[in-house]
Every structure is written in C-alpha cells, then in structure tokens.
Amino acid sequence: MKERYQTMKLSSEQLERLAERVFKVLKCSGHIELDYDTEERIEEKVIEQITNVLEDDSRTEDRLSREAERLVQQQSQIAKSSGKSYENLVDEVKIRLAKSKRVILGDDPERADSLAEKVLKAIWKIDSLDFFSEDMKVQNCIARAIHRFRLEDDRIIEAVEKIVNKKSGEEPYSHAWCIAYDKCYNEVRQRIANQKSSDESPSMGG
C-alpha cells in the first residue's frame, strides 16, 4: 500500500492559536515558571517562539510541495504514462523529497515530537523562563499539546473546549482538563462520524 500523508494545512491564525494553546498547557503543567518581574512580556515572548517554530515547519512543507509540483511538471510525459493522478504523483515525490531531506510530514505523533524538540530549544533561550522538570518531560508535554490541538478544525476544538470548561470543573489546560478534553473530543468525533454515516446510508424502502 502506498504511503500517503494527509496533513492538515493550518493558516497563520490557526498556527498562532495552536501556539497559544500549547503555551497554556505548558504553563499549567508545573514544568515551567514565568518570571514576570524580569520580563513583563514573558508570555508573549514564549508564544512568539512557539509560533516561529510552527510557522517555519509549515513553510518547509510548502517548499517541499512546490518542489514536488515542479518535478512532476518537468516529467509530464512520464507522469502521463504512469496512469496515476497528478495529485498522487506530487504526493509520492513530496514523500521522497521529505525522506531525503529528513523532514517529517503528516499528522502523526512523530511530527509533534520533532516540533516539540525545536520548541524546547527555542524557549530554553528565554532568560525569564525557569524550568523545573527534565527536558524530556517538558518536551513530551509540548508534543502531546501540539498533537492534540493541530489535528482538527478550530471550530471543533473550540466547541470541545467550551464543553470541557463547563462540565469538567478542572482548571483549563491542566493535566486533568486535557484528559477530559481527549475523552470529550473522541465522543464528539464519534457523533460526527455516526451522523455522517447515517446521512450517507440510503433510506430504507425507497
């Protein structure tokens, strides 16, 4: 079976919101402490660094897509004779390019791990941010937050957040809140899937 990466393309605004959510989870985790006396804008600075990493990752994927499209267009005769669609060929070339350049694509946890490592390096340089846990724990916390919040349409994330805030009684973005979020998210996704399948199934006795 051919590998195919279905990556959700996030807008700049979505990347900023993702960075804010990742920061909130990190802030509630107990792994870090922010020194507001030294730097009033410490929250903005941390979110800015997280956003920079996410945007750089997005730009890297955009460049790979353009390079793959160019290569397929240059080999248009081979492309036509392959019998595959243009989109599939671009996907295949993009995956090969990514592997050769050691770029992680897709929405798997592996990509979140890679991004978390870069985020940790970026925020580690901020003087007014103190760390109270070993690197791997902080990195895992960031990776889980990235994976949790980048997989879905913002409207669904916001809807789930509202439900969890109302029903869980937990501090937003705390560990307990995140567990409640995951449970609620899975329930919402299941409801959407059920709704979709009942909409698509042919009516009986038609």
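**Notebook: the two domains and their interface**

I began with the interface and counted 4 residue pairs in polar contact between domain 1 and domain 2, both residues at pLDDT 80 or more; a polar contact is a pair of N or O atoms within 3.5 Å, where within protein one must be able to donate a hydrogen and the other to accept it, and residues adjacent in sequence count only if both atoms are side-chain atoms. On the domain 1 side, the elements that give two or more residues to the surface touching domain 2 are α1 (12-28) and α6 (135-150), and α1 gives the most, with 6 residues. I sorted the residues of that side into 3 nonpolar, 1 polar and 4 charged, with Ala, Val, Leu, Ile, Met, Phe, Trp, Tyr, Cys and Pro as nonpolar, Asp, Glu, Lys and Arg as charged, and the others, Gly among them, as polar.

I note that this is a predicted model, in which local features need pLDDT of at least 70 and side-chain atom pairs count only at pLDDT 80 or more, while totals for chains, interfaces and linings use all residues. Residues are numbered from 1 along each chain as its sequence is written, and side-chain values use heavy atoms, with hydrogens and water left out.

**Domains and buried area**

I looked up the division of the chain and found domain 1 (12-151) and domain 2 (153-197), with bounds that come from an automatic or database domain assignment. The contact (heavy atoms within 4.5 Å) takes 8 residues from domain 1 and 12 residues from domain 2. The two domains bury about 1,000 Å² between them, 53% of it on carbon and sulfur atoms; buried area here is the accessible area, with a 1.4 Å probe, that two parts lose on being put together, summed over both. In domain 1, I find that R21, R148 and F149 lose the most area to domain 2, together 52% of what that side buries.

I then checked the charged pairs, and the rule finds 4 salt bridges across the interface, each a side-chain nitrogen of Lys or Arg within 4 Å of a carboxyl oxygen of Asp or Glu. I also recorded a salt bridge between the side chains of R148 and D182, at 2.8 Å from N to O.

**Single residues**

Is Q14 in helix α1 buried or exposed? I find Q14 buried, because its relative accessible area is 18% and buried means under 20%, exposed over 50%, and partly exposed in between (1.4 Å probe, protein chains only). Leaving aside residues up to four places away in sequence, Q14 touches K9 and D154.

I next looked at backbone angles, bearing in mind that most residues other than glycine have a negative phi. R102 has a positive phi near 60°, lies in the loop between α4 (86-101) and α5 (109-124), and counts as exposed because its relative accessible area is 78%. Y173 also has a positive phi, near 75°, and is found in the loop between α7 (154-167) and α8 (175-200); Y173 is buried, however, because its relative accessible area is 11%.

**Whole chain**

I counted 8 helices and 2 strands in the chain, where helices (H or I, at least four residues) and strands (E, at least two) are DSSP runs, numbered from the N terminus. Of the 206 residues, 39% count as buried.
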